[in-house]
Amino acid sequence: MKILNIKLSGISMLSLIALIFVGCRNENVLVENKKSITLSHEYTISVEKENPRLAKIVAIIEPDGKIVAMNEHNEHGLKNGWATFVENVQAISESGRNLKVVAKKNSSWEIQDYQEGMVTLSYQVRLGHDQVVPKLAAGDNGAAYANDSGVMWAGRALFIAGKTTEDININFDVPKEWHVTTQWGKSKKENSFIVDVTENLLNSAFFAGTHQHAEFNAGGVSLRMAFSGEYTVKVHQQIKQQLQQYFTHYGKLYQSPLNANIVVVVSDASYGGGEMMGNAISLSMGPSMRDVNGLSKGTIHVIAHEVYHSFTNNQLELGEDPPSFVWFKEGFAAEFGTYSAELRVGALNETEFLNTIVKQMKKYQAKLDGKLTLKSAGSEKFKNYNMVYSGGFIAAISLDFLIRHESNGKKRLNDLWVYLLKKHPKNGETLTMPKLYEAVQFLYGERVFAAFDKYISTPDEIPLYKNAALMGLSFDGHILSVSNNATNEQRSLWSNFFKK
Ligand SMILES: [Zn+2]
């Protein structure tokens with residue numbers, strides 16, 4: 001869900017690599033549980049104006065066993081992960097005793113003589129994520145950066161957490177003229193927030209500073225936005241408009257049960273891309289994202305792609321989220337959903353859309369080696385980028401054409417999403433590969449099921465152009481277009497594709 005490389009006609013969108021505290025101890029709040037009374041966890045984040053690249057944190061948390069840890073997936077190419085930037089981790093027991101803290105693997109720490117209760121954990125994080133050489137593998141803007149307006153932090157690069165818990169209090173101690181934009185629930189106190197559950201602390205982002213803030217509510221979604229940098233602030237109304245448009249479109253299309261607070265942090269950067277972390281989206285407005293008219297088509301694609309994730313993948317229960325599902329989330333879901341949405345809202349015209357299909361097909365074909373399959377490609381997502389993104393997209397559109405043809409236009413691939421979102425919602429029954437197969441078979445029958453299985457589990461080329469012909473589209477070796485010989489039924493299938 002995080003990385004998105006795109007190339008659009010004529011525009012060199014080379015690596016649109018996508019992407020997305022010491023304070024005072026506050027009184028602990030007693031939260032009544034059904035069975036027991038637990039103290040709620042709390043973090044105070046302090047940033048000083050003179051030294052914005054240093055965040056000092058004091059956390060009152062209950063360790064998980066003896067362990068406290070960051071949300072480390074070692075995917076950004078840092079040898080020591082997020083812990084690279086963490087300094088001076090200290091722990092004090094409830095009785096005021098200093099506890100020995102030992103750094104462990106994967107950005108975690110063991111509090112060696114911890115026995116029970118809450119600990120006061122203090123540490124500092126030095127913001128150097130945007131300065132490391134070589135650059136972080138997947139773009140530094142999804143981690144942390146500082147600019148003239150303030151600082152952006154992703155939760156995973158900042159927070160050390162203990163046991164999973166609910167209703168976490170977050171306080172910011174920042175310069176007077178600063179404000180904080182994040183997706184968390186606002187508390188009564190200024191610059192204070194309540195995070196519903198640990199997962200949403202670790203998968204989050206905020207911008208603290210003198211940036212431009214905006215927000216709107218659509219459906220069950222509250223969207224907050226932070227804009228910084230000269231160019232970004234100049235085009236922020238356009239970005240806001242695009243976000244609104246795609247939120248509304250996806251909301252209707254997927255009948256999404258999404259009921260979420262989402263933050264989008266957008267800033268000028270030296271490269272372009274976007275990254276999604278839970279309900280936080282980070283967008284980097286590099287030169288490739290800009291256009292004389294404001295936003296380039298690439299930018300709109302990145303925005304629509306990241307927003308797409310929040311409506312579908314992020315609302316599904318994918319359990320351990322195995323690599324065999326990467327093609328499904330990226331190409332099959334997000335790229336297909338995004339390009340189709342761009343056609344339907346008018347961001348791409350028919351010719352541009354058909355050219356996009358051909359381009360994606362070429363990228364996918366270049367990755368075919370008689371061995372690699374969509375399912376196996378996810379174990380090396382970056383190396384197999386064109387297989388999981390372009391290949392996933394080609395599998396989806398080929399299947400959608402087949403489904404429309406087989407059902408005389410009554411069914412479409414999108415039905416699968418509506419079905420999965422109802423059957424496997426977040427925190428519900430886990431969507432496994434057998435369950436996905438079951439859903440395809442149930443919704444579309446044997447022929448589509450057999451095609452689906454072949455597209456994703458064998459190294460054979462997906463018969464895109466053969467399926468496109470079912471819709472009355474023909475490929476002359478360069479261009480895909482509506483065939484002069486298309487029947488009325490085929491023309492009607494294709495015109496319906498524009499509607500939904
Ligand atoms: Zn993605």
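Let me begin with the overall count: the chain has 14 helices and 26 strands. Please keep in mind throughout that this is a predicted model, and that every value I quote has been computed from it. Of the 500 residues in the chain, buried residues make up 47%.

I will start with the strands, and in particular with strand 3, which covers residues 42-48. Is strand 3 largely enclosed or left open by the rest of the structure? Five of its seven residues are buried, so strand 3 is largely enclosed by the rest of the structure. One of its partners is strand 4, residues 51-61, and the two pair in the antiparallel sense over seven bridges. If you would like to find that pairing on the screen, look for Glu42, whose bridge partner in strand 4 is Ile60. The connection between strand 3 and strand 4 is a hairpin, which joins them through two residues.

Strand 3 also pairs with strand 13, residues 166-173, and here the two strands run parallel and are joined by five bridges. A residue pair to look for in this case is Tyr43 with its bridge partner in strand 13, Ile170.

While we are at strand 13, let me point out Asp167, which is placed in that strand. Asp167 has a positive phi of about 50°, although it is not a glycine. As background, most residues other than glycine have a negative phi. As for its surroundings, Asp167 has 15 other C-beta atoms within 10 Å, and because that number falls between the limits for exposed and buried, 12 or fewer and 20 or more, Asp167 is partly exposed.

A further example of a positive phi is Asn191, at about 55°, and Asn191 is not a glycine either. Where is Asn191 found? It lies in the loop between strand 15, residues 185-186, and strand 16, residues 192-197. With 17 C-beta neighbours inside 10 Å, Asn191 also counts as partly exposed.

Let me turn now to a sheet. This is an open sheet of four strands, in the order 11-12-17-14, with antiparallel pairing. Strand 11, residues 144-147, and strand 14, residues 179-182, stand at the edges, each with a single partner strand, so one side of each is left without a neighbour in the sheet. From one strand to the next, the twist averages 10°. For strand 11, the partner is strand 12, residues 150-154, and four bridges join these two antiparallel strands. Within that pairing, Tyr145 has Met152 in strand 12 as its bridge partner.

Next come the helices, and I will take helix 5 and helix 6 together. Helix 5 comprises residues 297-311, which is 15 residues, and reaches 21 Å from its first C-alpha to its last, close to the 21 Å expected at 1.5 Å a residue. Because 14 of those 15 residues are buried, helix 5 is largely enclosed by the rest of the structure.

Helix 6, residues 326-345, has 20 residues and spans 26 Å between its first and last C-alpha, close to the expected 28 Å. Where is the kink in helix 6 centred? It is centred on Ala334, and the kink is about 30°. Helix 6 is mostly covered, with 17 of its 20 residues buried, and the helix is followed by Gly346, whose phi is positive, near 90°.

How do these two helices meet? The axes of helix 5 and helix 6 come within 9 Å and cross at roughly 125°. That angle makes helix 5 oblique to helix 6, and the crossing is right-handed.

For another helix pair, please look at helix 7, residues 350-367, and helix 9, residues 385-406, which pack at an angle of about 125° with their axes 8 Å apart. Helix 7 is therefore oblique to helix 9, and their crossing is left-handed.

I will finish with Tyr231, which has its place in helix 3, residues 230-234. Tyr231 has 18 C-beta neighbours inside 10 Å and so counts as partly exposed. Although Tyr231 and Ala269 are 38 residues apart along the chain, their C-alpha atoms are separated by 9.7 Å.

Notes. Residues numbered from 1 in each chain as written. Predicted model: local features only at pLDDT ≥ 70, side-chain atom pairs only at ≥ 80, totals over all residues. Pairing = 2+ DSSP bridges. Expected span 1.5 Å × (residues − 1). Bend = angle between axes of the 7 residues up to and from the residue. Axes fitted to C-alpha atoms, helices over the stretch in contact; angles between N-to-C directions. Parallel < 35°, antiparallel > 145°, perpendicular 65-115°, else oblique. Left-handed = near helix turned anticlockwise from the far one by under 90°.
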